[in-house]
Amino acid sequence: MKLLLSTASLIHAAHCRNLLDAAGIRAELRNVWLAGATGDIPFQESAPQVWLLDADREAEALAVLEAAARPVPGPPWRCGRCGEWHEAQFGACWHCGASREPAGTTGAG
Ligand SMILES: [Zn+2]
């Protein structure tokens, strides 16, 4: 078990757990019953927490949460024919109509 994150919002914690669950990463919520008990206990100890069952998958879990938090599905890309820049969600150049080239190809000259 490994603590992945703690958050002031139980909804946020549950959302993160659901994202991890959908990605096949097993996680567990803690402190859900203490959410209204702040005051006597330090916040850090009473805040809702998301724990990973497999500590080895922390990097993978963080990548899942980061990808979900980012609205744009990837970096912008540049048309190989005319050089126009586009947001990641577009599959073809609006300027010249060329299809987007697969990521990783570098335009050599
Ligand atoms: Zn173009």
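The protein chain holds 3 helices and 5 strands, where helices (H or I, at least four residues) and strands (E, at least two) are DSSP runs numbered from the N terminus. This is a predicted model, in which local features need pLDDT of at least 70 and side-chain atom pairs count only at pLDDT 80 or more, while totals for chains, interfaces and linings use all residues. Residues are numbered from 1 along each chain as its sequence is written, and side-chain values use heavy atoms, with hydrogens and water left out.

**Exercise 1. The order of the elements**

Task: State in what order the elements of the protein chain run from the N terminus on.

Solution: Read from the N terminus, the elements follow the order β-α-β-α-β-α-β-β. Of the 109 residues of the chain, 23% count as buried, a word that means under 20% relative accessible area, with exposed meaning over 50% and partly exposed in between (1.4 Å probe, protein chains only).

**Exercise 2. Helix H1**

Task: Compare the expected span of helix H1 (residues 10-22) with the distance between its end C-alpha atoms, and then find which residues of H1 are buried.

Solution: Begin with the length, for which the expected span is 1.5 Å times one less than the number of residues. The 13 residues of H1 should therefore span 18 Å, and this agrees with end C-alpha atoms that are 18 Å apart.

Next, take the buried residues, which are Ala13, Cys16 and Leu20. Seen down the axis of H1, these buried residues fall within an arc of 60 degrees (the arc of the directions from the helix axis to the C-beta atoms), so they line one face of the helix. An α-helix has 3.6 residues a turn, so residues three or four places apart point the same way.

Then ask what this face packs against: the buried residues of H1 meet strand S1 (2-6), strand S2 (27-30), strand S3 (49-52) and helix H3 (58-69), a contact being heavy atoms within 4.5 Å. On the other side of H1, Ile11 and Ala22 are exposed.

**Exercise 3. Asn31 and Ala47**

Task: Locate Asn31 and Ala47, and state which backbone atom the side chain of Asn31 reaches.

Solution: Asn31 sits in the loop between S2 and helix H2 (43-46), whereas Ala47 belongs to the loop between H2 and S3. Asn31 counts as buried because its relative accessibility is 11%, and Ala47 counts as buried at 1%.

The side chain of Asn31 reaches the backbone oxygen of Ala47 at 3.0 Å. Leaving aside residues up to four places away in sequence, Ala47 touches Thr7, Arg30 and Asn31.

Finally, look at the backbone of Asn31, where phi is near 65 degrees, a positive value in a residue other than glycine. Most residues other than glycine have a negative phi.

**Exercise 4. The zinc ion**

Task: Name the protein donors of the zinc ion and work out which arrangement their angles make.

Solution: The donors (N, O and S atoms within 2.8 Å of the metal, or 3.2 Å for Na, K and Ca) are Cys79 (SG), Cys82 (SG), Cys93 (SG) and Cys96 (SG), lying 2.3 Å from the ion. The 4 donor atoms subtend angles of 103 to 118 degrees, which makes the arrangement tetrahedral, a term that requires all angles of four donors to lie between 85 and 135 degrees.

Along the chain the donors follow the spacing C-x2-C-x10-C-x2-C. Cys82 lies in the loop between strand S4 (77-78) and strand S5 (85-86) and Cys96 in the segment after S5, so this pair ties together parts that are 14 residues apart in sequence.

Technical notes:
Tetrahedral: all angles 85-135°; square planar, octahedral: opposite > 155°, others 65-115°. Polar contact = N/O pair within 3.5 Å; in protein donor to acceptor, adjacent residues only side chain to side chain.
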